[in-house]
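Open your viewer and show the model as a cartoon. Keep the selection tool at hand. We will go stop by stop.

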Amino acid sequence: MKDFNVAIYADGASIEGMVEAKSKWPISGFTTNPTLMKRAGISDYMSFAKAALKAVEGLPISFEVFADDFPTMKKEAEKLAALSKNVFVKIPITNTKGESSAPLIKKLSAEGIQVNATAILTYEQVKEVADALSPKTHNIISVFAGRLADTGVDPIPLMRKSQDLVNQYPQASLLWASSRELLNIFQADNLGIDIITVTNAILEKMKMIGLDPKKLSLDTVQGFHKDVNALGFSIL
């Protein structure tokens, strides 16, 4: 397996999946979000968070606030941060009204809380968050490169420019979020990105790294043939 300089974080909301990721791949941390929790059927957030902390055994893990108003977000962030020193509290860059959360991030960072500013898709948002972070803390700035790519826009220029900026802020690390394929790990690594989040489904494809294209072509044809036999179809 290739040695990557970019730190790989497993993205998910399954305790079993976290244990699997840590045991099978070069994982440096973990991230979660409300959408993943919904898919996983999580019904008790704090119980899940405590179980996840036990599973990751001290590695960094991000838990997101649920509230949409900033005063409640602050209380939730403080409660989540109190769970463990390896917790990063995910704060969306805006609330649902489009109001910037930078002032809240500044308050939390001043309190010594490790923030993971999330749902970022512009350079201006990256700069706004970086300026809000206390030099005495360590934080994560998550740029949703995959979602930007989904719009038909190449995320590479934004990620390169953002990393150049974040390099000027020792209190922050840039994270490539919403990965779509294994290639994203190589892209992030080549750009010198600090962190990338990847689901277990994508991490499973690491076994394909270094495969000979000619053999992969033959394997593909053999797979099609196997499925044809299983279908029992006949054209003639």
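Start with strands β2 and β3. Select residues 27-31 for β2 and residues 61-64 for β3. The two strands run parallel, and 2 bridges join them. Now pick T31. Which residue is the bridge partner of T31 in β3? Click on S62: that is the partner. Keep in mind that you are looking at a predicted model.

Next, show every strand from β1 to β8. What do these 8 strands form? They make a closed barrel, in the order β1-β2-β3-β4-β5-β6-β7-β8. The pairing in the barrel is parallel. On average, neighbouring strands of this sheet are turned by 30 degrees against each other, direction ignored.

Now for helices that lie on the strands. Select residues 15-24, helix α1. Add β1, residues 7-11, and keep β2 and β3 in view. Helix α1 lies across these three strands. Against β2, helix α1 runs at about 165 degrees.

Move to residues 45-56, helix α3. Which strands does α3 lie across? Show β2, β3 and β4, the last at residues 87-92. Helix α3 runs at about 175 degrees to β3.

Time for helix against helix. Select α4, residues 70-81, and α5, residues 102-110. Their axes are 11 Å apart, and the helices pack at an angle of about 30 degrees. Angles under 35 degrees count as roughly parallel, so α4 is roughly parallel to α5. The crossing of α4 past α5 is right-handed. Show side chains for the contact. On α4, pick F70, M73, K74 and A77. On α5, pick L104, K107 and L108. How do these contact residues divide by type? There are 5 nonpolar and 2 charged residues, with no polar ones.

Last stop: α6, residues 123-132, and α8, residues 156-166. The axes of α6 and α8 come within 10 Å and cross at roughly 15 degrees. That angle makes α6 roughly parallel to α8. Is the crossing of α6 and α8 left-handed or right-handed? It is right-handed. Light up Y123, V126 and K127 on α6. Then add L158, K161, S162, L165 and V166 on α8. Together these residues make the contact. Colour the contact of α6 with α8 by type: 5 residues are nonpolar, 1 is polar and 2 are charged.

Definitions and conventions. Residues are numbered from 1 along each chain as its sequence is written. This is a predicted model: local features need pLDDT of at least 70, side-chain atom pairs count only at pLDDT 80 or more; totals for chains, interfaces and linings use all residues. Side-chain values use heavy atoms; hydrogens and water are left out. Axes are lines fitted to C-alpha atoms, for helices over the stretch in contact, and angles run from 0 to 180 degrees between N-to-C directions. Helices (H or I, at least four residues) and strands (E, at least two) are DSSP runs, numbered from the N terminus. Angles under 35 degrees count as roughly parallel, over 145 as roughly antiparallel, 65 to 115 as roughly perpendicular and the rest as oblique. A crossing is left-handed if the near helix is turned anticlockwise from the far one by less than a right angle, and right-handed if clockwise. Contact means heavy atoms within 4.5 Å. Ala, Val, Leu, Ile, Met, Phe, Trp, Tyr, Cys and Pro count as nonpolar, Asp, Glu, Lys and Arg as charged, and the others, Gly among them, as polar. Two strands pair if DSSP finds at least two bridges between them.
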